[in-house]
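Colleague: Could you take a close look at the enclosed spaces in this model for me, and then walk me through the surroundings you find worth a visit? I would enjoy one connected account.

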Amino acid sequence: MSKRTILFVDDDPIALRMVIDQFKKHFGPAFRYEKASSAQEAEEVILTELSIRGQLPALIVSDWLMPGKRGDEFLQDLARFYPEIPLILHSGHADEQLEHELVEKAGLLCKLRKPWNGQEHIGTIHQAIQLV
Amino acid sequence: MSRSYILCVDDEKSVLSSLKHELSRNLDKKCRFEVAESGEEGLKILGDILKAGYDVPLVISDQLMPGMKGDQFLIQVNQLDERIRKIMLTGQADATAVGNALNHANLFRFISKPWNPDDLKLTVEKALSSYYLEQSLDRKVQTLTLINRYAELLAGNLDLHNWLHTLTTNLLQNLDITHCLVQLFPESKPGEKLVFHTYQNGNSSPVLYELDAESLAARYPLSVLAHVREACELVYEPNLLNSDWSEDPVLEQHQIRTVCCLPLKANNRLQGILYLDSRLRAKSINEDQLELLEAVSRQASLALESIFLYHSLEQKVAQRTEDIREDHSRMSESIEVGSRLQTSVLPKIDDLRSVFPNSFIIYRPRDVLSGDFFWFGQSQGLYFIVSSDCTGHGVPGALLSIIGINLLNQIIKVQGLTQPAAILEELDRQFSASVTRTDSGAIKKEGMDLSLCAIDTQNRRFTYAGARQPMIYVENDQALTLKPTKRSINSDTQIPFEEVEVNYQPASSIYLFSDGLVDQFDSKNSKKFTIKRLEELLVLASKQSMLLREGTIRNRLDVWRGQTPQTDDQLLIGIQLD
């Protein structure tokens with residue numbers, strides 16, 4: 001199988017850059033890294049993965065809330081249509097009910113609290129990525 | 001029976017000779033007398049007799065002798081062989097000595113001197129018969145133990161060669177014989193004889209050889225073998241020199257002295273022959289051993305029968321496996337041909353693309369042949385697209401699909417019906433008529449689900465009617481599932497088919513599909529794909545160019561299924577309407 005992709009979704013370009021840098025630093029060339037600043041862009045990446053590479057992203061790291069037409073529906077859609085993609089939340093917000101739902105129906109692995117806390121977060125990601 | 005001796009010990013020669021005189025008058029001639037004048041001499045003589053392999057059933061001893069006393073002597077005799085019957089004779093009733101002998105020498109009787117001749121005669125007779133009874137019981141037990149051992153050796157061994165080796169080498173080692181041969185008549189190969197033999201070969205362990213007819217005739221008396229085979233009875237000849245068989249030249253040539261040949265017979269069928277001989281001496285097989293051999297031959301026959309049965313079963317299984325393999329390859333071939341025929345009956349994607357350039361068909365039979373089919377036709381300015389799913393898959397599904405295609409051709413192209421609902425009604429009527437025309441009612445349940453779309457490109461309009469099979473219309477990132485009538489073709493339901501008319505926008509798409517797609521389980525075999533996920537996928541994919549769209553959908557379905565087997569035939573027709 002070809003190299004798999006990790007998809008990062010966040011409407012804040014600075015936060016996006018930082019998280020991607022952290023992942024690249026720790027996992028290097030083991031994965032391909034794609035980013036999306038909206039739900040729509042994320043869907044396009046998923047489609048491209050499917051049509052060009054014939055596979056789904058290995059992992060999606062996504063912010064909680066995003067502007068745009070279907071921003072807040074994005075996670076629920078993921079849970080419904082792509083329950084097999086593992087998910088990591090990276091967010092300052094908290095919605096425990098949705099979190100429970102995502103754990104049950106989708107592949108929510110863990111939640112990383114904003115702001116970024118290097119050591120603690122990398123440890124969590126390492127554990128989560130074992131499951132991918 | 002071998003020779004036996006009665007030993008009498010007394011220091012008075014007159015007593016010895018009168019004992020000898022009285023007893024030999026009354027007793028069997030087989031018994032001989034040995035006498036000794038002291039316990040020491042008695043022990044020496046007894047040792048010599050036993051060493052020579054002769055029986056000593058009885059020792060009669062005086063108590064009062066110079067040197068070793070009678071009780072001491074008898075105790076030592078008892079230690080040599082406790083089966084020997086011991087009688088004490090004495091003039092003085094020495095209670096201690098008698099008690100001693102009773103307790104420690106297993107004394108049979110005590111007789112006081114002078115003896116009453118009748119009493120002596122009776123006592124000796126009793127002692128002898130008691131000895132022989134015990135001896136024959138011992139032999140019986142030995143024989144039974146041996147039979148049991150052979151039974152264990154012979155049962156449960158299903159490898160013929162191994163089994164024969166066990167049988168013949170054990171007989172060769174346990175009996176005083178030089179040659180052992182087994183001739184087999186397997187039921188599965190009538191007329192064929194299998195012959196194996198083994199023989200004493202110095203000190204090296206015996207080896208089992210197969211014998212051809214020529215060697216058999218050169219080495220073994222065919223007359224004996226033939227007799228056993230024909231009469232199905234045993235031949236036992238302990239002394240061949242004076243027997244009816246001495247005419248057989250092989251017996252003379254090889255100096256065969258003892259022959260024992262037994263039929264191996266189970267369930268009234270002669271399985272084979274067991275033959276043993278001794279080329280060294282006559283009478284090498286005695287009556288007891290003959291009894292053992294008869295029991296062994298019965299055990300062997302039963303074991304042989306199960307070996308033959310096992311091998312014929314094995315052969316049958318192998319034959320059956322081969323038959324099945326041939327059947328399978330014949331069937332595979334005919335299914336391959338069927339598959340080519342089915343493909344040739346289905347419309348070509350190029351026909352569809354000549355009208356709708358942006359279109360694709362995903363057609364995935366679960367087996368080689370498919371119960372799903374699609375149909376494309378043009379009549380009276382309308383384009384008709386059909387996807388259908390017949391009951392079952394494989395051969396029955398494929399046959400039904402041929403009927404479906406024929407009927408659609410008939411109804412749409414020949415009869416010229418154009419209204420989708422009316423077409424379905426007519427299809428239902430004709431399909432029921434053709435599949436229930438058989439004598440048995442078994443086919444009654446066969447039917448199909450189907451969706452039919454009549455497209456009017458001039459007026460940007462299509463009409464859909466479905467028999468338990470929905471379709472999806474995608475326009476502006478929105479999916480609309482058009483619901484079918486809840487009635488299959490050839491079902492008992494009689495609600496009328498309904499149709500829906502849709503005015504379509506440019507760049508919208510329609511998707512017709514079989515339920516094999518939405519019922520497909522995921523890689524963990526726990527969730528179905530569902531129509532919801534299909535809608536989402538089609539909305540997303542419809543944003544892509546047709547070139548990418550088909551790949552996206554195929555890949556999504558593949559990723560979903562993972563290693564889980566395909567649940568059913570799958571069919572998806574996608575058409576972009578411009």
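Modeller: Happy to. Please keep in mind throughout that this is a predicted model. The count comes to 5 cavities of 30 Å³ or more, and two of them make a good tour.

The largest cavity holds about 70 Å³ of space. Its lining is made up of B:Leu240, B:Leu241, B:Ser246, B:Leu251, B:Glu252, B:Ile256 and B:Arg257. By character, that lining divides into 4 nonpolar, 1 polar and 2 charged residues.

The second largest cavity offers about 50 Å³, and here the lining comes from chain A: A:Phe8, A:Val9, A:Asp10, A:Leu16, A:Val19, A:Val61, A:Ser62, A:Asp63 and A:His90. Three elements of chain A, namely β1 (5-9), α1 (13-27) and β3 (59-62), each give at least two residues to this lining. Its residues split into 5 nonpolar, 2 polar and 2 charged.

Those elements belong to a regular arrangement. Chain A has 5 helices and 5 strands, and along the sequence they follow the pattern β-α-β-α-β-α-β-α-β-α. Of the 132 residues in chain A, 50% are buried. Take the contacts in chain A between residues at least 6 apart in sequence: 62% of them join residues at least 24 apart.

Chain A also meets chain B. The contact takes 14 residues from chain A and 15 residues from chain B, and the area buried between the two is about 1,400 Å², with carbon and sulfur atoms giving 60% of that. On the chain B side, B:Glu536, B:Leu540 and B:Arg556 lose the most area to chain A, together 36% of what that side buries.

Now back to chain B, and to its cysteines. The structure holds 0 disulfides over all chains. B:Cys260 is in no disulfide, and the nearest cysteine sulfur, that of B:Cys261, is 7.5 Å away. B:Cys260 counts as buried because its relative accessibility is 0%. What about B:Cys390? The closest cysteine sulfur to that of B:Cys390 is in B:Cys453, 19 Å away, so the distance is too far for a bond. B:Cys390 is buried as well, at a relative accessible area of 2%.

Two other buried residues of chain B are worth a stop. B:Arg364 lies in strand β12 (residues 359-364). Despite its charged side chain, B:Arg364 counts as buried, because its relative accessibility of 15% falls under 20%. Leaving aside neighbours within four places in sequence, B:Arg364 is in contact with B:Arg554, B:Leu557, B:Asp558, B:Gln566, B:Asp568, B:Asp569 and B:Gln570.

The second is B:Ile177, in the loop between α6 (160-174) and β6 (179-184) of chain B. With a relative accessible area of 3%, B:Ile177 is buried. Not counting residues up to four places away in sequence, B:Ile177 touches B:Leu171, B:Leu172, B:Gln200, B:Leu276, B:Asp277, B:Ser278 and B:Ile285. One of these partners shows how the chain comes back on itself in space: B:Ile177 and B:Asp277 are 100 residues apart in sequence, yet 5.6 Å apart from C-alpha to C-alpha.

Let me finish with the backbone in three loops of chain B. B:Pro114 sits in the loop between β5 (109-112) and α5 (117-154), and the peptide bond leading to B:Pro114 from B:Lys113 is cis, with omega near -10 degrees. B:Asn267 lies in the loop between β10 (258-266) and β11 (269-278). Phi of B:Asn267 is near 50 degrees, a positive value in a residue other than glycine. B:Asn267 is exposed, with a relative accessible area of 61%.

B:Asn525 also has a positive phi without being a glycine, at about 60 degrees. You will find B:Asn525 in the loop between α14 (515-518) and α15 (530-542). At 49% relative accessibility, B:Asn525 counts as partly exposed, because the exposed class requires over 50%.

How values were computed. Residues numbered from 1 in each chain as written. Chains lettered and ligands numbered in written order. Predicted model: local features only at pLDDT ≥ 70, side-chain atom pairs only at ≥ 80, totals over all residues. Heavy atoms only, no water. 1 Å grid on protein atoms, 1.4 Å probe; cavity = no way out; pocket = protein on both sides within 12 Å on 5 of 7 lines; lining within 4 Å. Points joined across faces, edges and corners; volume = space filled by probe spheres on them. Helix = DSSP H or I, 4+ residues; strand = E, 2+ residues; numbered from the N terminus. Disulfide = S-S within 2.5 Å. Buried < 20%, exposed > 50% of the residue type's maximum accessible area, 1.4 Å probe, protein only. Contact = heavy atoms within 4.5 Å. Buried area = accessible area lost by both parts, 1.4 Å probe.
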